[in-house]
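Grab a coffee and open your favourite viewer. Below are some short exercises, each with a worked solution to check yourself against.

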Amino acid sequence: MCGINSQCFVRNSLCSLSVTACFTGLLILSGCGRNPEQTDKDGSSTGPGTREDYSKLVPKVRFTDVTAKAGIHFTHVNGAFGKKLLPETMGGGVAVFDFDNDGKPDILFINSCYWPGFEKDGKAPTLALYRNKGNFEFEDVTEQAGLAVTMYGMGVTVGDYDNDGWTDIFITGVGGNRLFHNEPDGKGGRKFVEVTAQAGDLNEGQSWSTAKGDDFLKVSTPISFPSSAAWFDYDNDGKLDLIVCNYVTWSPKFDLDQNFTLQGKAPAYGPPRFFKGMFCSLYHNEGNGKFKNVTGTAGLQILSPIGEPMAKALGVVVNDIDEDGWPDIVIANDTVRNFFFRNNRDGTFKEIAQEAGVAYAEGAARGAMGIAFGEYRPGKRALVIGNFANEPNTLLRLDHKEKLLFSDVALIEGLAGPSRIVLKFGLFFFDFDLDGLLDLLTCNGHLEPHINVVQPGQSYKQPVQLFWNMGKKRTYEPVGPEHAGPDLFRPMVGRGCAFADFNGDGFLDVVLVENGGEARLLKNEGGTGHHWVRVLLEGDGVRTNKSAIGARVILTAGGKTQSREVTSAVGYLSQSEFAVTFGLGESTKVDKIEVIWPGINAGRSVLEKLEVDRLYQIKQAKN
């Protein structure tokens with residue numbers, strides 16, 4: 001993320017020209033029209049051809065806005081009142097999960113709030129939980145579920161941390177994180193009870209200040225500023241641990257004392273390079289509802305060259321990247337290099353981002369927000385990172401699994417030019433047309449409401465970008481309203497986003513969150529005629545966590561193999577459903593599904609000769 005002063009803040013460049021001149025130069029660099037012939041390392045061709053040629057191949061899969069019809073009326077509040085405090089730019093996340101175990105994914109929206117002493121009249125903003133009643137009808141159950149909580153919320157991750165069979169919630173927020181345990185409500189339903197205090201030290205630094213009004217703006221003691229978080233079992237003991245990203249060292253007084261302005265006049269949001277970094281936090285699940293901070297002993301405290309905490313972390317993804325049975329961590333940092341923590345299999349990690357080729361893109365740090373990892377081509381997996389405006393998405397292909405070597409292939413795979421201009425926050429891989437190849441969606445929006453004053457080519461509200469995976473030639477092709485309908489691309493100040501199959505038709509629907517605006521639910525109308533299989537896993541709660549986070553699912557159908565991993569957090573501040581979806585294209589049968597369960601001696605499950613177009617619920621066999 002980057003603020004706007006009178007000079008041109010294009011990440012780490014040394015440009016001192018006007019903002020408009022810098023922006024124009026980037027437009028020229030992005031290229032357009034016919035692409036030159038290029039050949040990737042695996043021999044696939046990326047051209048020749050025009051974008052018009054490729055656009056004709058894009059399937060017509062329409063996304064329809066069903067937010068109002070579904071009964072969803074969530075508006076995010078960021079508390080902005082003219083002082084331009086940095087947290088106001090961040091927005092909130094969203095989680096999709098089945099909180100009541102009725103087989104239908106529900107939606108939890110994370111809200112922020114007004115600053116102390118600057119509240120508006122009326123009801124204070126709270127989190128919002130919507131129960132899925134089926135057929136795209138949702139019911140607001142926030143009050144009865146115990147989640148009518150007011151906080152300056154940021155990110156969310158969900159998982160069954162005590163292995164009781166019910167999914168729990170962890171929420172990050174400026175001034176303090178919160179842990180909610182899923183419990184019976186005494187009426188046959190479920191509710192969430194906050195257990196943060198009983199769980200141990202799940203917070204870092206100063207909590208929310210008790211000062212109000214002008215006194216709050218004078219607070220100089222840093223207030224905690226966490227962002228994304230993820231549940232995962234880093235030591236394979238069957239219990240979910242927690243990784244929490246922390247953004248920058250922030251206080252209201254320090255922020256306002258920098259006097260960030262637009263062209264030396266109106267107040268503006270400041271860039272992160274003016275703030276000190278923070279350590280990310282790792283919490284070990286001790287059992288009995290207790291967590292222990294093990295950040296230092298685990299090797300996650302990375303220092304800058306001047307001896308200060310380096311991380312300015314906004315996105316986190318946890319996957320077993322080298323497939324050795326132990327989950328690894330990748331952190332997307334804003335304006336400083338990214339981190340890659342390889343699991344040492346002994347409760348510690350080694351930071352190897354620079355050796356692995358993950359630290360930088362094109363040799364420089366970018367403004368990194370959301371991050372995801374997936375098999376974007378058969379047998380080829382990659383990290384994708386959403387970067388700041390005038391910076392393209394980063395697509396880091398894993399070229400060598402054992403040695404953990406990556407290379408940036410955003411340009412040759414068709415992402416660099418089309419993604420350069422917009423400011424990307426939330427993102428995820430998903431197969432929207434069910435052809436068996438992972439497509440990509442980014443949720444976009446600027447941080448400065450008046451950005452067009454200094455950059456006429458930019459706007460505060462920006463459209464989503466959807467990229468279709470072509471499989472051969474250049475991998476990714478932009479999808480437009482002529483293919484997917486206008487609803488998906490209506491400009492917004494996009495932040496968190498997630499996907500799920502909300503109505504059980506196999507096609508993946510989309511939830512988008514707007515900073516300071518209304519959330520949207522978009523139904524995937526399908527229509528390709530492609531077949532699919534969905535897999536929902538349940539661990540035994542002893543060797544493997546009940547949520548089966550970290551399990552790898554391998555599907556073989558029609559002579560092709562696909563691989564997915566069950567993850568918690570994905571993208572930016574958000575989490576999609578636990579069920580994994582495999583598009584099968586025209587294949588009418590599944591030869592085999594293999595599940596590699598996470599944990600020590602957790603084993604494998606194999607199902608063969610399966611029918612298509614259905615959900616398979618697979619429970620781990622007892623030891």
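The exercises start with the whole chain and then turn to single residues; the model is predicted.

**Exercise 1. Judge how far the model can be trusted, and find where confidence is lowest and highest.**

Solution.
- Step 1: Begin with the average. The mean pLDDT of the protein is 91, and 91% of its residues reach 70 or more.
- Step 2: Go to the extremes. Helix 1 (residues 19–30) has the lowest confidence, with a mean of 29, while strand 3 (residues 106–109) has the highest, at 99.
- Step 3: Look at the stretch with low values. The pLDDT is below 50 over residues 2–48, although this stretch has 102 contacts in the model beyond near neighbours in sequence.
- Step 4: Draw the conclusion. Where pLDDT is low, predicted coordinates should not be read in detail.

**Exercise 2. Describe the overall build of the protein: its secondary structure, its compactness and its surface.**

Solution.
- Step 1: Count the elements. There are 10 helices and 39 strands in the protein.
- Step 2: Compare with the globule rule. The radius of gyration is 23 Å, close to the 25 Å that the rule gives for 623 residues, so the protein is as compact as a globular protein of that length.
- Step 3: Add the dimensions. The C-alpha trace spans about 65 × 65 × 50 Å along its principal axes.
- Step 4: Look inside. Of the 623 residues, 62% are buried. Among contacts with a separation of 6 or more, 63% are between residues 24 or more positions apart.
- Step 5: Look outside. The accessible surface comes to about 22,700 Å², and carbon and sulfur atoms account for 50% of that.

**Exercise 3. How many disulfides does the structure hold? Check Cys 280 and Cys 443 in your solution.**

Solution.
- Step 1: Recall the chemistry. A disulfide is a covalent bond between the sulfur atoms of two cysteines.
- Step 2: Fix the cut-off. The two sulfur atoms have to be within 2.5 Å.
- Step 3: Test Cys 280. The closest cysteine sulfur to its own belongs to Cys 245 and is 4.7 Å away, too far for a bond. Cys 280 is buried, at a relative accessible area of 3%.
- Step 4: Test Cys 443. The closest cysteine sulfur here is in Cys 497, and at 4.9 Å that is too far for a bond. Cys 443 is also buried, with 0% relative accessibility.
- Step 5: Give the total. The structure holds 0 disulfides.

**Exercise 4. Which residues does Leu 404 contact, leaving aside neighbours within four places in sequence?**

Solution.
- Step 1: Place the residue. Leu 404 is in the loop between strand 22 (394–400) and strand 23 (405–408).
- Step 2: Check its exposure. Residues under 20% relative accessible area are buried, and Leu 404 counts as buried because its relative accessibility is 0%.
- Step 3: List the partners. Leu 404 is in contact with Ile 321, Asp 322, Phe 340, Arg 342, Ile 352, Ala 356 and Leu 398.
- Step 4: Set sequence against space. Leu 404 and Arg 342 are 62 residues apart in sequence, and their C-alpha atoms are 9.1 Å apart.

**Exercise 5. Place Lys 472 and decide: is this residue buried or exposed?**

Solution.
- Step 1: Locate the residue. Lys 472 is in the loop between strand 26 (465–469) and strand 27 (476–479).
- Step 2: Read the accessibility. At 69%, Lys 472 counts as exposed.
- Step 3: Take a long view. From Lys 472 to Phe 118 there are 354 residues in sequence and 54 Å in space, C-alpha to C-alpha.

**Exercise 6. Work out the surroundings of Thr 67 and Asn 246.**

Solution.
- Step 1: Start with Thr 67, in helix 3 (residues 67–70). Thr 67 is buried, at a relative accessible area of 9%.
- Step 2: Find its polar partner. The side chains of Thr 67 and Asp 65 make a polar contact at 2.6 Å.
- Step 3: Look further along the sequence. Not counting residues up to four places away, Thr 67 touches Ile 72, Ala 519, Arg 520 and Leu 521.
- Step 4: Move to Asn 246, in strand 11. Asn 246 is buried, with a relative accessible area of 4%.
- Step 5: Find what its side chain meets. A polar atom of the Asn 246 side chain lies 2.9 Å from the backbone oxygen of Phe 279.

Terms used. Residues numbered from 1 in each chain as written. Predicted model: local features only at pLDDT ≥ 70, side-chain atom pairs only at ≥ 80, totals over all residues. Heavy atoms only, no water. Helix = DSSP H or I, 4+ residues; strand = E, 2+ residues; numbered from the N terminus. Buried < 20%, exposed > 50% of the residue type's maximum accessible area, 1.4 Å probe, protein only. Polar contact = N/O pair within 3.5 Å; in protein donor to acceptor, adjacent residues only side chain to side chain. Contact = heavy atoms within 4.5 Å. Rg over C-alpha atoms; globule rule 2.2 N^0.38 Å. Areas by Shrake-Rupley, 256 points an atom, 1.4 Å probe, with all protein chains shown as cover. pLDDT = per-residue confidence, 0-100.
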